[in-house]
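Colleague: I am new to reading protein models, and I would love some company. Could we go through this one together?

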Amino acid sequence: MTTRRGFLASLLAAGSLPALSWADAGSPAYLAAAGEPGGGFALFGLGADGRDLFRIPLPARGHAAAAHPTRPEAVAFARRPGTYALVIDCVTGDVQTRLNAPEGHHFYGHGCFVHGGAVLVTPENRFQTGEGRLGLWARDEGYARIGDIPSGGMGPHDAQRLPGGDVMAIANGGIRTHPAHGRDKLNIDTMRPNLAYVHPTQGVLEVVELDPDLHKNSIRHLSLRGDGTVAFAMQWQGDVADPVPLLGLHRQGQGAPVLAQAPLAEQMAMQGYAGSVSFSGDGSEVAITSPRGGRVHRFAPDGAFIGAVRRGDVCGLAPAPGGYLASDGMGALVRVTRDAARPLAVAERAWDNHLVRLGSA
Amino acid sequence: MKQILLAIGIVIALLLPPRAHADVGAVIDGHILPGHAGFAAATGDLATAAARDCTPDALRPTYQAAFDAWMGVSHLRLGPVEEEGRALAIAFWPDTRGLVPRTLGRLIAAQDPVVTDPAGFAEVSVAGRGLFALERLLFDPDFAGYGPGDYTCALTRAIATDLARMAARIDTEWRDGFADTLRNAGAPGNPVYHGEKEGAQALFTALVTGLEFTADQRLDRPLGTFDRPRPNRAEARRAGRPLRNITLSLTALRDLAMHLANDDAPQTAAAFDRALETAAALDDPLLAGVADPQGRLRVEILQQHVRAARDAARAEIGPRLGVSAGFNALDGD
């Protein structure tokens with residue numbers, strides 16, 4: 001039996017053998033899940049030009065994926081409250097391992113690698129108590145479960161590793177759900193989302209909360225910049241017509257977050273809902289998408305609004321040279337640059353919520 | 001041999017999905033362009049009337065006509081109306097934070113000279129412009145007591161002029177550009193619609209979203225909860241329009257649906273007719289009945305019929321066009 005502490009300690013001593021790299025998988029730049037015309041679902045590896053490099057069938061609707069930092073290996077997660085995650089060999093397309101959430105837990109659809117790719121971290125709901133947990137899995141031991149730690153809040157949705165270490169930013173959405181009630185939200189009046197900084201062995205280092213009048217703003221998705229700036233996207237659980245900020249920016253240890261919003265008409269057009277968030281390719285700006293409002297909103301790193309790009313059902317967003325790559329429910333991949341949005345590819349499929357950029361992009 | 005080839009050709013044609021762009025053209029020519037021309041004309045009349053006499057009694061009839069015309073196009077959230085925040089600058093509702101009266105109160109308190117500068121007025125907060133700002137000035141006792149020489153009269157005139165300007169711009173931009181953009185969805189270089197089906201998709205989304213707006217906003221807001229009905233939250237209640245807006249919007253959406261489906265969507269047509277009959281029989285123009293159990297039940301039944309029309313359109317029209325509404329928009333994750 002591998003213990004979490006013992007395992008994490010042993011990593012310090014471990015070396016690694018040369019192995020297949022992302023180049024062996026055709027050097028995909030992005031991963032994205034999609035719904036297909038026949039009603040099935042699949043995970044796609046995409047080139048920087050938007051072309052399909054590989055397609056791997058999924059058993060149910062996907063959400064996002066975690067890419068291993070060096071090995072051509074990705075973990076595709078079920079949409080919440082799913083309990084499966086598939087470790088996929090992106091060279092062969094084979095499912096190497098199927099991860100099942102432990103009894104009493106479900107996944108949220110996101111995850112990240114820490115310890116140089118040796119440990120997979122999965123945000124989970126321990127649904128009897130509603131406690132947010134981060135599941136830890138030992139990659140080099142066939143993704144054996146090695147334990148779980150508190151996420152610092154309820155409803156941990158997204159987890160991303162900060163550069164230069166193993167501290168993770170965790171988007172604790174604050175919403176309690178229970179599989180017995182499907183996706184019903186059970187605590188809207190009392191929800192308290194937060195952005196937490198969590199270390200695999202040191203635990204919760206810092207918890208950042210919003211002002212009480214924004215306690216219904218569920219912190220849901222994350223994008224990290226090389227200097228450690230965390231951008232978080234929110235989903236308002238109050239009145240859809242309320243103009244509230246949907247993007248926040250923060251750095252560990254630096255007090256209150258900067259909340260960013262567009263001028264009134266544009267802000268209201270987002271309908272209180274941001275689906276994805278991403279820094280641009282060079283980190284000089286950051287954007288959020290709203291599939292409900294059919295918009296990408298671009299902001300400067302200080303939170304100043306730059307402009308809107310309109311695109312129906314747009315949701316997935318990832319960094320690309322000169323700006324972003326966006327994906328939508330009509331099967332388009334759109335390159336968003338300073339003053340233009342131009343299609344890279346249109347396929348007969350509906351791209352699901354997220355585009356995940358791989359390290360090689 | 002020729003006959004066999006012809007037969008095969010027919011079979012193949014029958015198997016192919018119908019050409020979506022034909023329906024898109026019908027919607028543009030039979031629904032969108034006439035609707036926007038009507039809104040431009042009605043707001044033009046409003047601005048002209050306001051230039052003559054900007055007092056409430058004089059302006060109310062043309063105001064109602066302009067609002068009627070807006071209901072013919074308010075569901076078309078695509079193209080020119082999405083530029084420069086126009087959709088909200090025309091119709092700022094729901095106003096959950098009371099921004100409309102607050103913005104008007106600020107302009108009036110400051111006697112802001114922006115009312116004499118049309119270009120400057122286009123930069124005023126969207127909450128201080130459009131049909132709902134005018135509704136306050138023409139119908140709300142807190143504002144409507146002004147005379148011809150008062151600042152508020154000039155403000156009314158400025159809002160009417162601004163509305164007419166926006167409506168004219170939207171009308172022109174549709175005719176001189178966006179109609180072709182929508183018609184030629186998927187053509188190389190199309191700046192907005194990258195796939196061939198995206199034109200039909202955008203119109204189908206407008207249809208479904210329009211029905212949802214009526215069910216979830218126009219009806220659900222005044223319904224509130226059983227213990228706490230909110231009749232004061234009905235849309236444009238000061239102007240006496242809550243039920244009228246619902247009826248006009250349903251009528252416009254039925255027209256959109258029938259153009260989109262080439263008049264061949266019997267279940268959708270029947271569902272719309274049931275909703276419209278229910279609205280006609282409601283006899284509650286302000287939806288004030290939500291406050292008593294019996295009246296409430298009747299408004300809830302109307303809401304169910306509106307949702308049934310949406311479901312019918314989804315089941316009947318969407319598949320025929322090969323589109324569905326909002327894979328991600330509906331996901332909520």
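Colleague: Let's start in chain A. Which residue of E23(A) is the bridge partner of Val286(A)?

Modeller: Keep in mind that this is a predicted model. Strand E22, residues 286-290 of chain A, pairs with E23(A) in the antiparallel sense over five bridges. Val286(A) has its bridge partner in E23(A), and that partner is Phe299(A).

Colleague: Which residue in the turn between E22(A) and E23(A) has a positive phi?

Modeller: E22(A) and E23(A) form a hairpin, with four residues between them. In that turn, a phi of about 60° belongs to Gly294(A).

Colleague: And on the other side, which residue of E24(A) does Phe299(A) stand opposite?

Modeller: E23(A) is also joined to strand E24, residues 305-310 of chain A, by five bridges, and the two run antiparallel. Their hairpin has five residues between the strands, and Gly303(A) there takes a positive phi near 95°. Opposite Phe299(A), in E24(A), stands Phe305(A).

Colleague: How many of the five residues of E23(A) are buried?

Modeller: Take one face at a time: Arg295(A), His297(A) and Phe299(A) are buried on one side, and Val296(A) and Arg298(A) are buried on the other. Both faces are covered. The number of buried residues in strand E23, residues 295-299, is therefore five of five, using the cut-off of 20 or more other C-beta atoms within 10 Å.

Colleague: Why is strand E27 of chain A described as largely enclosed by the rest of the structure?

Modeller: E27 covers residues 332-337 of chain A, six residues in total. It is largely enclosed because the number of them that are buried is five.

Colleague: Which residue of E28(A) is the bridge partner of Val336(A)?

Modeller: On one side, E27(A) pairs with strand E26, residues 323-328, in the antiparallel sense over five bridges, and Leu325(A) stands opposite Arg335(A). Six bridges join E27(A) to strand E28, residues 340-346, again running antiparallel. A hairpin through two residues connects E27(A) to E28(A). The bridge partner of Val336(A) in E28(A) is Ala341(A).

Colleague: Now for chain B. How far does helix H12 of chain B reach from its first C-alpha to its last?

Modeller: H12(B) runs over residues 293-321 and has 29 residues. At 1.5 Å a residue, the expected reach is 42 Å. The value in the model is close to that, at 41 Å.

Colleague: On which residue is the kink in H12(B) centred?

Modeller: The kink in H12(B) is about 30°. Several residues of this helix are buried, including Val299(B), Leu302(B) and Leu321(B). Just after the helix, Gly322(B) takes a positive phi of about 70°. As for the centre of the kink, that is Arg314(B).

Colleague: Does the span of helix H3 of chain B agree or disagree with what its 16 residues should span?

Modeller: H3(B) covers residues 56-71, and at 1.5 Å a residue it should span 22 Å. Its end C-alpha atoms are 21 Å apart, so the verdict is that they agree. There is a kink of about 25° in this helix, centred on Thr62(B).

Colleague: Which helix gives the largest share of the largest nonpolar core?

Modeller: That core has 202 residues, and among those with the most contacts inside it are Ala65(A) and Leu207(B). The largest share is 13 residues, and it comes from residues 151-183 of chain B, which is helix H8.

Colleague: Ala168(B) is in H8 too. Is Ala168(B) buried or partly exposed?

Modeller: Ala168(B) is found in helix H8 of chain B. Being buried takes 20 or more C-beta neighbours inside 10 Å. Ala168(B) has 17, so it counts as partly exposed.

Colleague: Last one: what kind of peptide bond runs from Trp93(B) to Pro94(B)?

Modeller: Most peptide bonds are trans. Pro94(B) is found in the loop between helix H4 and helix H5 of chain B. The bond from Trp93(B) to Pro94(B) has an omega near 0°, and its form is cis.

Conventions. Residues numbered from 1 in each chain as written. Chains lettered and ligands numbered in written order. Predicted model: local features only at pLDDT ≥ 70, side-chain atom pairs only at ≥ 80, totals over all residues. Buried ≥ 20, exposed ≤ 12 C-beta atoms within 10 Å, placed from the backbone. Pairing = 2+ DSSP bridges. Expected span 1.5 Å × (residues − 1). Bend = angle between axes of the 7 residues up to and from the residue. Core = buried A, V, L, I, M, F, W, Y, C linked by C-beta atoms within 7 Å.
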